[in-house]
Amino acid sequence: MQNEFDFDKYPHKAGHRGHRNSIISANETNKKLSRLKKQILIELYKNPKGLIGSELSDILKVSILTIRPRTTELKILGLITDTEQDRKNDGGKPEAVFKLRSATLLEEHNIDVSEIKPNTK
């Protein structure tokens, strides 16, 4: 059984399927993982009504295929929540709306948002 605090495993690190290309991709993703997760948390802080993956992708200028696993990891870690609401993306397809679980979590993870004001729209 995997140790629940094994930080060298998913969701703390990108996983792979043992294939050489998958391993290379996971290793490249892990280099950016921490920064991208922080950026997602900050964007959700700035948008308290929540964002869908496509919106995060557009804001952060990162592929939706990079955003989706990160939102899953953040959800598993208990840092964000799926609001159980959907919003349509630009293609008209429904996507889950994610919210930051609590602004105090940012402090706990040493993410300074003291100069960032949440969007009130």
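1. A residue counts as buried when its relative accessible area is under 20%, as exposed when it is over 50%, and as partly exposed in between. Isoleucine 59, at 38% relative accessibility, is therefore classed as partly exposed. This residue belongs to helix α2, which covers residues 53–60. Its C-alpha lies 9.5 Å from that of isoleucine 40, and the two residues are 19 positions apart in sequence.

2. The model under discussion is predicted. The protein chain contains 4 helices and 3 strands, and these follow one another along the sequence in the pattern α-β-α-α-β-β-α. Of its 121 residues, 31% count as buried.

3. The three strands deserve a joint description. They form an open sheet in the order β1-β3-β2, with antiparallel pairing. Strands β1 and β2 are the edge strands, as each of them pairs on one side only. In general, strands of a sheet pair through backbone hydrogen bonds, in either a parallel or an antiparallel manner.

4. How many bridges join strand β1 to strand β3? Strand β1 (residues 51–52) and strand β3 (residues 94–100) are paired over 2 bridges in the antiparallel sense. Leucine 51 has phenylalanine 98 of β3 as its bridge partner.

5. On the other side of the sheet order, strand β2 (residues 80–88) pairs with β3 over 6 bridges, again in the antiparallel sense. Two pairs of residues may be located here: isoleucine 80 stands opposite leucine 100 in β3, and arginine 87 has glutamate 95 in β3 as its bridge partner. The hairpin of β2 and β3 has 5 residues between the strands, and glycine 92 in this hairpin adopts a positive phi near 85 degrees.

6. Salt bridges form the next topic. The whole structure contains 4 of them. One joins glutamate 73 to lysine 37, with the closest N and O atoms 3.5 Å apart. This pair links distant parts of the chain, for glutamate 73 lies in helix α3 (residues 64–76) and lysine 37 in helix α1 (residues 20–46), 36 residues apart. Are these two residues buried or exposed? Both glutamate 73 and lysine 37 are buried. In addition, Lys37, Arg70 and Glu73 are linked in a network of salt bridges.

7. A second salt bridge to examine is that between the side chains of lysine 46 and glutamate 43, with an N to O distance of 3.1 Å. Both residues lie in helix α1, 3 residues apart, or about one turn of the helix. Their surroundings may be compared by accessibility. Lysine 46 has a relative accessible area of 28% and is therefore partly exposed. Glutamate 43 counts as buried because its relative accessibility is 10%, which is under the 20% limit.

8. The side chains of glutamate 55 and arginine 87 also meet in a salt bridge, at 2.9 Å from N to O. Glutamate 55 lies in helix α2 and arginine 87 in strand β2, so this pair ties together parts that are 32 residues apart in sequence. Why is glutamate 55 counted as partly exposed? The reason is its relative accessibility of 25%, a value that falls between the limits of 20% and 50%. Arginine 87 is likewise partly exposed, with a relative accessible area of 30%. Arginine 87 thus appears in two descriptions: it meets glutamate 55 in a salt bridge, and its bridge partner in β3 is glutamate 95.

9. The final point concerns charge at the surface. Glu107, Glu108, Asp112 and Glu115 form a negative surface patch. Among them, glutamate 108 is found in helix α4, which spans residues 104–108. Glutamate 108 has a relative accessible area of 57%; because this is over 50%, the residue counts as exposed.

Conventions:
Residues numbered from 1 in each chain as written. Predicted model: local features only at pLDDT ≥ 70, side-chain atom pairs only at ≥ 80, totals over all residues. Heavy atoms only, no water. Patch = residues over 30% accessible without salt bridge, like charges linked within 9 Å, V, L, I, M, F, W, Y side chains within 5 Å. Areas by Shrake-Rupley, 256 points an atom, 1.4 Å probe, with all protein chains shown as cover. Lys, Arg positive; Asp, Glu negative; His and termini not counted. Charge placed at Lys NZ, Arg CZ, Asp CG, Glu CD. Buried < 20%, exposed > 50% of the residue type's maximum accessible area, 1.4 Å probe, protein only. Pairing = 2+ DSSP bridges.
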